[in-house]
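I opened the model today and kept notes as I went. The entries are in the order I looked things up.

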Amino acid sequence: MSALVLSVSISVAQLMLVTAMGLYLFRMIRGPRAQDRVVALDAFYVTGMLLMITLGVRTNSTLYFEATVVIALLGFATSVALGKFLMRGEVIE
Amino acid sequence: MSPVADIPLPVALIISACLLGGALLTMVGAIGLLKFKTFYQRVHAPTLGSSMGMMFILASSIIYFSVSRGALVFHEVLIMVFLTLTTPISLMLIVRAALARDRAEGSADVPHVDAD
């Protein structure tokens, strides 16, 4: 019973997260200006990270945690670099 | 591939509620990013997913692994602390860059400062 409840709710949650990623992707493609695309990318990696955590709960494995940490670290570096690029036109001056 | 069956039903319900709440908040944030009109309104929406949505989903992961392993597993707290620290930093950088870009091209939507 509890396995059924968990698997159904994990499936629904993953569906919602994938829908959210699709909406972010749509904004990233359409986004009228560069800053819209960067904000969408920032939210996109956080949502992908959450999707990977739900995958870890589904497969009952803690292996996905390391991948999650790497996504969080690299995503922050990406956002900072893109913000710097929007501000100055160069990442490293 | 399936979750372990030997966790009690009330705990499974709590985990499910946390997962669904977090995913719903993230999706609402994505809809907000798509629907709002200007950039400065849009930038608020996704933080719903990267603050409360992230907290709920990581809390469900902590509860699930603690119950199924029979020991306290809380390394997800690391991600919670890291994202809580870095999300405002990156968003402030991006929004200040956007403000500088709007001012540089003389947009009428943002307040200007006197060049003195």
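These entries cover chain B, a few helices, the contact between the chains and the nonpolar core.

**Entry 1: status.** I am working from a predicted model. I keep that in mind for every value below.

**Entry 2: chain B overall.** I looked up the secondary structure first. Chain B has four helices and zero strands. From the N terminus the order reads α-α-α-α. Next I checked its dimensions. The C-alpha trace spans about 70 × 25 × 20 Å along the principal axes. The radius of gyration of chain B is 20 Å, against near 13 Å for a compact globule of 116 residues. I then looked at burial: 36% of the 116 residues count as buried. For contacts between residues at least 6 apart in sequence, I find that 55% join residues at least 24 apart.

**Entry 3: α3 of chain B.** Where does α3(B) bend? I traced the helix and found the bend at B:Gly53, about 35°. The helix covers residues 47–69, which is 23 residues. Its first and last C-alpha atoms are 32 Å apart, close to the 33 Å expected at 1.5 Å a residue. B:Gly70 follows the helix, with a positive phi near 75°.

**Entry 4: α2 of chain A.** I ran the length check on this helix too. α2(A) takes in residues 34–59, 26 in number, so at 1.5 Å a residue it should span 38 Å. Its end C-alpha atoms are 37 Å apart, which agrees. Just after the helix, A:Asn60 has a positive phi of about 55°.

**Entry 5: where the chains meet.** How many residues of chain A are in contact with chain B? I get 47, and they meet 52 residues of chain B. On the chain A side, α1 (2–30), α2 and α3 (64–88) each give two or more residues. The largest share, 17 residues, comes from α1(A). By type, this side of chain A divides into 28 nonpolar, 14 polar and five charged residues.

**Entry 6: the nonpolar core.** I finished with the largest nonpolar core, which has 48 residues. The members that touch the most others are A:Leu17, A:Ala20, A:Tyr24 and A:Leu50. Both chains supply this core: α1, α2 and α3 of chain A, with α1 (9–35), α3 and α4 (76–104) of chain B, each give at least two residues. α2(A) provides the largest share, twelve residues.

I picked A:Tyr24 for a closer look. Leaving out residues up to four places away in sequence, A:Tyr24 touches A:Ala40, A:Ala43, A:Phe44 and A:Thr47 in its own chain. Across in chain B, A:Tyr24 touches B:Ala30 and B:Leu33.

Note on methods: Residues are numbered from 1 along each chain as its sequence is written. Chains are lettered from A and ligands numbered from 1 in the order in which they are written. This is a predicted model: local features need pLDDT of at least 70, side-chain atom pairs count only at pLDDT 80 or more; totals for chains, interfaces and linings use all residues. The radius of gyration is taken over C-alpha atoms; the globule rule is 2.2 Å times the number of residues to the power 0.38. A residue is buried if 20 or more other C-beta atoms lie within 10 Å of its own, exposed if 12 or fewer, and partly exposed in between; C-beta atoms are placed from the backbone. Two residues are in contact if their C-beta atoms, placed from the backbone, lie within 7 Å. The expected span of a helix is 1.5 Å times one less than its number of residues. Ala, Val, Leu, Ile, Met, Phe, Trp, Tyr, Cys and Pro count as nonpolar, Asp, Glu, Lys and Arg as charged, and the others, Gly among them, as polar. The bend at a residue is the angle between axes fitted to the seven residues ending there and the seven starting there. A nonpolar core is a set of buried Ala, Val, Leu, Ile, Met, Phe, Trp, Tyr and Cys residues joined through C-beta atoms within 7 Å.
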